[in-house]
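Subject: Structure handover

Hello,

Here is the structure I promised to pass on. Please open it and keep it beside you while you read my notes.

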Amino acid sequence: MTLHEGRAVSRRTVLRRTGAGLGLAALGAGAWGCGPVEDPGAAGPSASSASSAPSAPEGTPSGGAFTTPPPGTAPGPLWQRPTAKGTLGMDALAVAGGVVLVSGDPLVGRDVATGEERWRREEVAVPGAKMLVRGGTLYLASAQYDGDVVGLDPATGRETWRSRLGRRFSQPRTIAADERRVYVLAGILEKDFSVKRNVIAAIDTSTGKVAWQELRDAGTEEYGITAEATGRYLAYTDFRENVTVRDTATGRQLWTKKIGRSNSGRLAVHEELVIVADAGRLRAFALADGAERWSLASEEYTRFHGVGVLDGVLYASDSGHVLRAVDAATGKEGWRTESLLDVAYAGQFAKVGNTLYAATELDDKGGILAFDARNGKLRWRYNDGSKALDQWYVAAAGTRLVALHGERLTALPAV
């Protein structure tokens with residue numbers, strides 16, 4: 001791939017746009033859930049392109065074959081449905097076995113193709129809970145606050161697994177899973193029912209019993225944790241500016257490092273590396289020993305935000321609204337685009353074929369953006385027209401995309 005520089009951006013422009021981004025972030029805490037509540041029977045909103053192209057037609061076929069819209073024009077929605085309140089969370093959206101799941105109460109499983117409800121369960125999921133699907137099972141902390149962790153069949157919503165931890169831990173939260181274990185973070189109840197320390201624990205998915213538990217350092221946060229389990233490594237970051245790796249078999253801490261800013265964003269794992277956004281740098285550490293393998297700096301006065309690895313390529317956005325494609329193994333930049341400069345930076349990514357889809361952070365003009373994954377050229381932008389500042393989420397589902405925005409779930413063709 002060749003480096004695409006795009007047009008130069010002045011320091012003043014970067015500072016202005018960075019400041020605007022910070023303003024949106026500050027506004028976001030009070031803006032969640034703003035915007036009109038959708039009438040389930042209302043017609044879907046229009047889709048807009050990044051170059052003010054005409055709105056896409058709303059009657060896009062709902063079958064398996066889709067018509068590619070003209071260049072610069074977003075496809076129309078295949079279907080739209082309202083979602084439950086309380087669907088916030090970094091991993092609030094998941095697709096498994098032809099069913100789309102959105103974190104909330106009630107927890108509802110919808111058919112990806114039609115949007116029709118397949119099942120519904122009340123009081124089974126804590127609103128905002130991570131939709132963690134591994135090995136065909138959705139793992140959730142019990143909404144009964146009884147210390148249990150449960151497993152559901154995404155296709156039917158039926159409970160297929162349960163770990164009865166009882167009073168050993170206070171409010172366990174699932175953070176990662178692999179084929180053998182589900183990993184949780186939980187507080188330790190003192191005699192006066194206070195929580196001063198917390199543990200990280202692994203639960204064996206075949207027996208439901210705790211395989212190991214490790215006390216975390218005093219002062220570490222219980223919240224703001226993002227984690228990935230891969231092979232023999234469990235990697236995670238937290239609000240206390242740490243990146244830590246443990247052995248999945250024993251729980252033993254292999255290493256931990258301080259990074260330069262509070263990091264509760266996504267981390268990325270590629271083969272033997274864990275990659276984090278550390279203020280103005282992307283940093284890749286060896287999972288085995290923490291040695292820094294490579295780093296990549298952003299432009300002056302900008303910070304990296306969303307990161308994700310898809311097909312061996314690291315996609316990373318920054319506060320200057322630039323998106324980069326980077327070789328995850330070497331840190332070598334393949335391309336960059338500045339087509340994001342008029343909307344918020346991307347926070348999450350999905351990929352179908354040669355198209356990269358990015359979901360933006362807080363921005364009423366943002367949405368789902370489609371790029372040519374080979375060169376970074378912006379193909380189209382979809383916005384639901386709600387003018388809500390809520391963060392967008394996107395997940396690939398075969399030939400479809402599923403997008404979550406506020407209390408609205410939308411299916412789009414992956415064209």
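Below is what I found, starting with a sheet and ending with charged pairs.

One caution before the details. This is a predicted model.

**The sheet**

Start with the open sheet of 4 strands. Their order is β10-β11-β12-β13, and the pairing is antiparallel. The edges are β10 (170-177) and β13 (210-215), and each of these pairs on one side only. From one strand to the next, the twist averages 25°. As background, strands of a sheet pair through backbone hydrogen bonds, either parallel or antiparallel.

Now follow β11 and its two neighbours. A hairpin through 3 residues joins β10 to β11. These two strands are antiparallel and share 5 bridges. One place to look is T174, whose bridge partner in β11 is V184.

On to β12. Its antiparallel pairing with β11 runs over 8 bridges. Two positions help you line the strands up. Y183 stands opposite A202 in β12, and G187 stands opposite N198 in β12.

Is β11 enclosed or open to the outside? Buried means under 20% relative accessible area. In β11, 7 of the 9 residues are buried, so the strand is largely enclosed by the rest of the structure.

**The turn after β11**

Go next to the loop between β11 (181-189) and β12 (195-204), where F193 lies. The two strands form a hairpin with 5 residues between them. F193 sits in the turn and has a positive phi of about 70°.

Why does F193 count as exposed? The cut-off for exposed is over 50%. F193 has a relative accessible area of 65%, so it counts as exposed. F193 also belongs to a nonpolar patch on the surface, together with L189 and V195. The accessible area of the three together is about 280 Å².

**A polar contact**

Then look at T355, in strand β27 (residues 355-360). Its relative accessibility is 10%, so T355 counts as buried. The T355 side chain makes a polar contact with the side chain of R379, at 3.0 Å.

**Salt bridges**

Last, the charged pairs. Side chains of opposite charge can pair when their charged atoms come close. The count here comes to 19 salt bridges. I picked out a few.

- D247 and R232 meet through their side chains at 3.5 Å, N to O. This pair links distant parts of the chain, 15 residues apart. D247 is in strand β16 (residues 242-247), while R232 is in the loop between β14 (226-230) and β15 (233-238). D247 has 9% relative accessibility and so counts as buried. R232 is partly exposed, with a relative accessible area of 43%.
- D278 and R283 form a salt bridge at 2.8 Å, N to O. D278 is buried at 7% relative accessibility, and R283 is buried at 17%.
- R324 pairs with E333, and their closest N and O atoms are 3.1 Å apart. Both R324 and E333 are buried.

Which residues are joined with R324 and E333 into one network? They are E299, D318 and R336, linked through salt bridges that share partners.

A good route through the model is to trace β10-β11-β12-β13, stop at F193 in the turn, and finish at the network that includes R324 and E333.

Best wishes

Definitions and conventions
Residues numbered from 1 in each chain as written. Predicted model: local features only at pLDDT ≥ 70, side-chain atom pairs only at ≥ 80, totals over all residues. Heavy atoms only, no water. Patch = residues over 30% accessible without salt bridge, like charges linked within 9 Å, V, L, I, M, F, W, Y side chains within 5 Å. Areas by Shrake-Rupley, 256 points an atom, 1.4 Å probe, with all protein chains shown as cover. Salt bridge = Lys/Arg side-chain N within 4 Å of Asp/Glu carboxyl O. Buried < 20%, exposed > 50% of the residue type's maximum accessible area, 1.4 Å probe, protein only. Pairing = 2+ DSSP bridges. Axes fitted to C-alpha atoms, helices over the stretch in contact; angles between N-to-C directions. Polar contact = N/O pair within 3.5 Å; in protein donor to acceptor, adjacent residues only side chain to side chain.
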